[in-house]
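Trainee: Could we go through this structure term by term? I would like to see where each label comes from.
Mentor: Yes. Ask about the labels, and we will test each one.

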There are 2 protein chains.
Amino acid sequence: MSGGFAESGEEGKKLQAEVLKSAGGTVRIVGPNTLGIVNLSHNFNASFLCPLKGCLGLLCQGGNAINEVEYIARKKELGFTQIVDSGNQADVGICDFLEYIQADPQTKAILMYIEGFRENEGRRFLNLAKQITKTKPIVVIKVGATELGRRAVSSHTGSLAGEDAIYDAVFEQAGVIRVKNSSELIDVAEALLKLPRMKGNRFGILVDGGSHSTMSCDTAAKYGLELAPLSSETQKKLKEILFPHSPVSNPVDFAGAMDADVRVLSNAASLMLKDTNVDGLIVAGINFGGYSRWWGSSEEVVAGFTELPKKYGKPMILHNSVLSEENPALKTIADGGIPVFLDTERAVRCMAALVKYGTYLETVKAAGKPRAISKKARPKKVEQIIKGAKAAGRSSLFEIEARELLKGYGLPVPKSMLAKTKDEAIEVAEKMGYPVVAKIVSAEIIHKTEAGGVKIDLKDKLAVEKAFNEITANAKKYNKGLKIEGVMISPMMPASTEIIIGMMHDAQFGPVIMFGLGGIFVEVLKDVAFGLIPVETNDACRMLREIRGWPVLEGVRGEAKDIKAIVDIILKISKLTIENGEISELDLNPVFVYEQGAKIIDVRIIL
Amino acid sequence: MSGGFAESGEEGKKLQAEVLKSAGGTVRIVGPNTLGIVNLSHNFNASFLCPLKGCLGLLCQGGNAINEVEYIARKKELGFTQIVDSGNQADVGICDFLEYIQADPQTKAILMYIEGFRENEGRRFLNLAKQITKTKPIVVIKVGATELGRRAVSSHTGSLAGEDAIYDAVFEQAGVIRVKNSSELIDVAEALLKLPRMKGNRFGILVDGGSHSTMSCDTAAKYGLELAPLSSETQKKLKEILFPHSPVSNPVDFAGAMDADVRVLSNAASLMLKDTNVDGLIVAGINFGGYSRWWGSSEEVVAGFTELPKKYGKPMILHNSVLSEENPALKTIADGGIPVFLDTERAVRCMAALVKYGTYLETVKAAGKPRAISKKARPKKVEQIIKGAKAAGRSSLFEIEARELLKGYGLPVPKSMLAKTKDEAIEVAEKMGYPVVAKIVSAEIIHKTEAGGVKIDLKDKLAVEKAFNEITANAKKYNKGLKIEGVMISPMMPASTEIIIGMMHDAQFGPVIMFGLGGIFVEVLKDVAFGLIPVETNDACRMLREIRGWPVLEGVRGEAKDIKAIVDIILKISKLTIENGEISELDLNPVFVYEQGAKIIDVRIIL
């Protein structure tokens with residue numbers, strides 16, 4: 001439990017190594033610098049804590065976070081099966097605990113506070129989490145961005161790859177719900193424990209007075225929820241039980257009808273949940289605190305109300321502006337398993353989490369088994385290209401080789417030929433048809449444009465000749481002793497919307513794919529999305545929709561672009577990365593996307 | 001108080017009109033459909049509420065919002081001078097109440113829940129709020145967007161002008177602090193009431209254990225706060241009183257030092273606040289709940305602590321994960337006037353609000369008096385242009401007139417001449433020098449490009465001749481009976497970064513200026529900022545910095561653009577709008593911005 005180890009400098013690191021050594025590799029060490037561990041499933045407590053017993057698992061990298069989460073949970077009478085502070089993780093790490101808790105049948109939901117994974121441990125988290133979320137929800141707070149993580153995804157698009165965006169991708173792909181703080185962690189955990197998942201994003205809202213429906217709708221829109229249109233049947237029936245002036249299209253407003261007959265609460269909620277358009281219900285601003293003095297017993301107030309989520313298999317969340325302990329009706333509702341929140345924002349956020357988890361499970365089910373990919377399956381030609389470059393002592397491929405490699409995976413690369421002489425260049429161009437592009441091929445030039453090694457839109461023989469001469473002259477100017485392989489000639493593609501697709505290795509998560517739109521979207525707005533390899537079709541679609549520039553692809557300026565072609569490139573890059581472990585970095589920049597099809601204009605592959 | 005009036009349909013509207021009529025214009029009406037009003041400064045209560053007496057004013061459009069805010073405030077022992085629900089505002093509106101409460105010396109801060117202003121009332125709010133915030137903070141929740149407001153800023157850039165962005169601009173210009181929900185409203189109000197303003201955005205953070213400093217820093221970055229660098233003097237002194245392994249560069253971490261000697265809390269906080277680099281301090285994760293059993297009395301724990309904000313004139317906010325009522329030391333701190341929050345996010349948000357209000361006051365002070373602008377001062381020529389167009393029965397200016405008008409205000413418009421014949425066109429072009437642009441001039445053509453009425457980059461005599469013929473032929477094809485004034489010839493400007501500046505009249509707020517970058521920034525990302533006229537220099541600078549595309553102007557792709565030139569255009573459009581009440585809408589789209597200077601390429605003025 002003691003501090004003063006690796007977290008506090010060089011001397012501490014030595015001390016920690018000594019602890020590990022003295023354990024002789026046979027005794028496992030938790031910590032040091034930890035609050036300890038608790039396993040109430042086995043009546044074991046080696047910590048400062050005295051938590052309630054319940055069905056939440058809590059895995060943290062930091063003791064203060066535990067104190068806070070445990071305190072908030074206790075206020076809601078939520079208890080734990082296991083609580084773990086992984087501390088300095090000298091030996092046992094947070095993923096070891098995650099693997100262990102996965103098998104505990106008493107744990108119904110897992111909460112985590114993550115500061116960062118050890119090298120390569122991120123990948124293990126991803127795989128574990130993917131398995132676990134099929135049956136148990138995982139909710140995480142992720143803070144801080146380590147220097148290590150930031151360096152890992154550097155290189156030329158590196159500055160964009162703030163590792164936080166990669167964590168986001170991991171959470172998306174594994175169905176993990178990310179929250180902002182400890183209160184939200186417990187709010188969402190409570191909703192996930194007590195309520196059915198939400199199968200779609202259309203919610204109903206039932207209020208008494210307008211302020212809270214407006215506030216709920218503002219938040220709901222932010223979280224991508226939609227107001228469910230109520231069927232005319234539902235509206236007709238609501239009209240029968242409410243006041244004549246009560247609005248009965250969603251949001252439904254009692255407008256005082258509960259003051260006349262309190263039973264209308266259960267009846268109205270029931271009608272709304274019964275409607276097939278409604279995936280879940282928020283009941284807000286009912287003001288039990290103010291008006292219940294006019295009603296009967298709390299049992300009468302809530303008769304049948306708490307049974308509704310089970311009855312319809314849909315979630316229902318209550319907002320109220322006073323604490324439930326102060327009002328018997330509210331207490332009865334909370335005790336009956338309906339989460340009660342003090343502000344609409346928290347209620348809506350929980351509903352959004354239920355949607356997120358619910359739709360994730362639906363998507364995974366619909367997607368079926370992931371595609372089989374084998375490392376041994378790579379095309380012979382691809383293997384030869386990589387081995388050839390390695391044999392020549394090169395750590396990057398010539399663009400002409402990279403293009404061949406991409407072709408081996410059916411990726412849309414324009415034709416290209418290497419011309420060693422001016423005459424060859426002309427011959428190739430004549431065969432291809434004009435206009436063409438000419439690019440220098442040399443192991444010593446990586447940034448071809450800077451070296452004056454690129455000429456585009458060459459419209460005839462003369463232009464090709466001139467370009468060849470200039471390119472080779474520029475290259476020699478750039479670096480006197482340079483070895484030039486020749487000049488690559490390829491057809492000039494018509495300009496279109498530009499995208500960028502990159503692959504890089506993250507120190508914690510391994511190979512990731514980055515996707516973004518060209519130009520200011522990436523350069524100015526850092527508007528990129530990540531996917532962890534292997535990327536499945538739904539992951540690729542998520543990446544496209546995640547960027548702010550998505551409307552450009554959808555066709556806000558002119559026709560829609562070929563989304564399927566982009567998804568296809570991402571999936572093929574994922575496959576290619578798995579089958580060719582030698583590739584450490586890959587950049588398709590730019591790719592032109594047309595209304596039909598796409599063309600990779602420039603490619604760089606680093607081994 | 002009763003409902004069933006204008007809010008519930010046609011019949012209710014009639015009933016409301018009858019109420020107004022029966023009051024005969026001499027008795028003022030509050031409501032109907034209101035929770036009532038309370039004025040504890042005068043021991044007056046005409047409402048359902050029994051609020052605590054205190055120094056907050058609360059003005060709401062909605063009763064449920066009041067219930068919620070009042071309840072949360074009471075939990076914090078915060079009371080009110082006045083509480084108002086303006087209800088249907090048949091007569092007295094929320095701005096009347098705002099004007100009234102402004103004069104109440106017992107009200108120290110004003111809280112508002114706004115759903116929307118009546119027509120033209122937004123402008124009154126802006127002017128009142130500007131006055132009030134000089135001495136009393138205003139904190140608002142703004143929800144909902146009315147259909148009326150959305151329609152108002154329509155026309156061709158209309159779809160961008162989601163009125164919410166205009167409200168944001170109003171709040172920015174008036175120093176009003178906008179919050180998201182009722183808890184935040186009370187949190188921020190408490191901080192503003194109890195603490196000194198923050199003069200800059202550099203904060204210190206003092207913790208016991210890492211989790212809460214990481215969480216605080218994540219939130220702080222989101223709100224634009226910066227970690228203050230501590231002077232080496234401060235660090236040295238901290239080193240003397242903390243443990244050897246306690247980190248003493250900001251964030252400062254006790255790392256257990258408080259367990260040994262509790263007085264170190266006050267001493268460390270004092271050293272940090274004393275540092276001139278530190279504008280305010282967050283003390284987080286001290287865990288009074290867990291450890292105070294090892295300490296002496298609560299007085300000993302907090303000796304001198306609560307005096308620090310007053311001593312240094314800087315705010316200090318405490319985060320703790322347990323409720324203050326449960327711990328005597330925490331209770332003493334809260335009672336001593338230090339706001340205590342249960343999560344770091346709320347603590348940081350309050351600090352951000354103190355920064356926002358503090359820096360607003362500093363900016364207003366530095367800016368001095370607003371520039372004097374008189375409606376009568378407009379140039380003679382400008383008046384003639386507008387009167388001429390009106391006399392000719394036109395509701396828009398020819399571009400050539402609009403350009404003249406802009407010139408009258410010293411705005412950077414390229415030269416332009418009207419050519420009535422082909423020969424005149426050539427003569428003008430020859431005089432100007434090539435390349436030139438030719439545009440149709442006709443009262444009946446507003447969208448010139450669509451009508452084939454624009455030809456650019458005309459490089460010689462022949463090109464001008466051809467353009468003149470084509471433009472006039474196209475115009476006649478577009479509309480047979482069309483009256484053509486001629487063709488406007490002006491020099492072709494070199495392309496550069498494009499911006500858009502527009503002026504329109506909002507139904508609630510009157511004349512507003514919109515600013516954005518051209519292309520996808522406005523079209524795809526709706527990335528625009530608004531300013532309420534009159535716009536001052538600091539407002540214009542705020543507008544530029546507010547857009548996500550700001551790095552483009554700052555020079556992330558190539559050289560920085562001429563920011564001063566853009567600010568100058570915005571200020572001149574503000575002046576021009578005030579001096580020419582006849583103009584209802586104005587569009588500069590695009591404006592080319594260079595490294596030095598800017599040029600207005602296209603202008604449209606609607607009367």
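**Labels and their reasons**

Mentor: Start with two helices of chain A. Helix α19 (residues 422-432) of chain A packs against helix α20 (residues 461-478) of chain A at an angle of about 140°, and their axes are 9 Å apart. Keep in mind that this is a predicted model.

Trainee: Why are α19(A) and α20(A) called oblique to each other?

Mentor: Set the angle of about 140° against the cut-offs. Roughly antiparallel needs over 145, and roughly perpendicular covers 65 to 115. The pair fits neither, and α19(A) and α20(A) are therefore oblique. The crossing of α19(A) past α20(A) is right-handed.

Trainee: Which residues make the contact of α19(A) with α20(A)?

Mentor: From α19(A) come Lys422(A), Ala425(A), Ile426(A), Ala429(A) and Glu430(A). From α20(A) come Lys461(A), Val464(A), Glu465(A), Phe468(A) and Asn469(A). By class, they are 5 nonpolar, 1 polar and 4 charged.

Trainee: Now chain B. What makes α9(B) and α11(B) roughly antiparallel?

Mentor: Helix α9 (residues 232-241) of chain B and helix α11 (residues 264-274) of chain B pack at about 175°, with axes 10 Å apart. The label needs an angle over 145. The pair is therefore roughly antiparallel.

Trainee: How do you know which residues of α9(B) and α11(B) meet?

Mentor: Two residues count as in contact if their C-beta atoms, placed from the backbone, lie within 7 Å. On α9(B), these are Thr234(B), Lys237(B), Leu238(B) and Ile241(B). They meet Val264(B), Asn267(B), Ala268(B), Leu271(B) and Met272(B) of α11(B). The split is 6 nonpolar, 2 polar and 1 charged.

Trainee: Why is α8(B) called oblique to α16(B)?

Mentor: The axes of helix α8 (residues 211-222) of chain B and helix α16 (residues 344-367) of chain B cross at roughly 45° and come within 9 Å. Roughly parallel means under 35, and roughly perpendicular starts at 65. An angle of roughly 45° fits neither, and that makes α8(B) oblique to α16(B). The crossing is right-handed. His212(B), Met215(B), Ser216(B), Thr219(B) and Ala220(B) in α8(B) meet Thr344(B), Glu345(B) and Val348(B) in α16(B). This contact has 3 nonpolar, 4 polar and 1 charged.

Trainee: How many residues of chain A are in contact with chain B?

Mentor: 46 residues of chain A touch 46 residues of chain B. On the side of chain A, α2(A) gives the most, with 6 residues. By class, that side has 13 nonpolar, 24 polar and 9 charged residues. For the complex, the predictor gives an ipTM of 0.84 and a pTM of 0.88.

Trainee: What is the predictor's confidence in chain A?

Mentor: The average pLDDT of chain A is 87, and 93% of the residues score at least 70. Residues 145-162 of chain A are below 50, with 28 contacts in the model beyond near neighbours in sequence.

Trainee: Which peptide bond in chain B is cis?

Mentor: The bond from Gly31(B) to Pro32(B) is cis, with omega near -5°. Pro32(B) sits in the loop between α1 (10-22) and β1 (36-39) of chain B. In chain A, the bond from Asn250(A) to Pro251(A) is cis, with omega near -5°.

Trainee: What is notable about phi of Gln89(A)?

Mentor: Phi of Gln89(A) is near 55°, a positive value in a residue other than glycine. Gln89(A) lies in the loop between β4 (80-85) and α3 (94-102) of chain A.

Notes: Residues are numbered from 1 along each chain as its sequence is written. Chains are lettered from A and ligands numbered from 1 in the order in which they are written. This is a predicted model: local features need pLDDT of at least 70, side-chain atom pairs count only at pLDDT 80 or more; totals for chains, interfaces and linings use all residues. Axes are lines fitted to C-alpha atoms, for helices over the stretch in contact, and angles run from 0 to 180 degrees between N-to-C directions. Helices (H or I, at least four residues) and strands (E, at least two) are DSSP runs, numbered from the N terminus. Ala, Val, Leu, Ile, Met, Phe, Trp, Tyr, Cys and Pro count as nonpolar, Asp, Glu, Lys and Arg as charged, and the others, Gly among them, as polar. A crossing is left-handed if the near helix is turned anticlockwise from the far one by less than a right angle, and right-handed if clockwise. pLDDT is the predictor's confidence in each residue, from 0 to 100.
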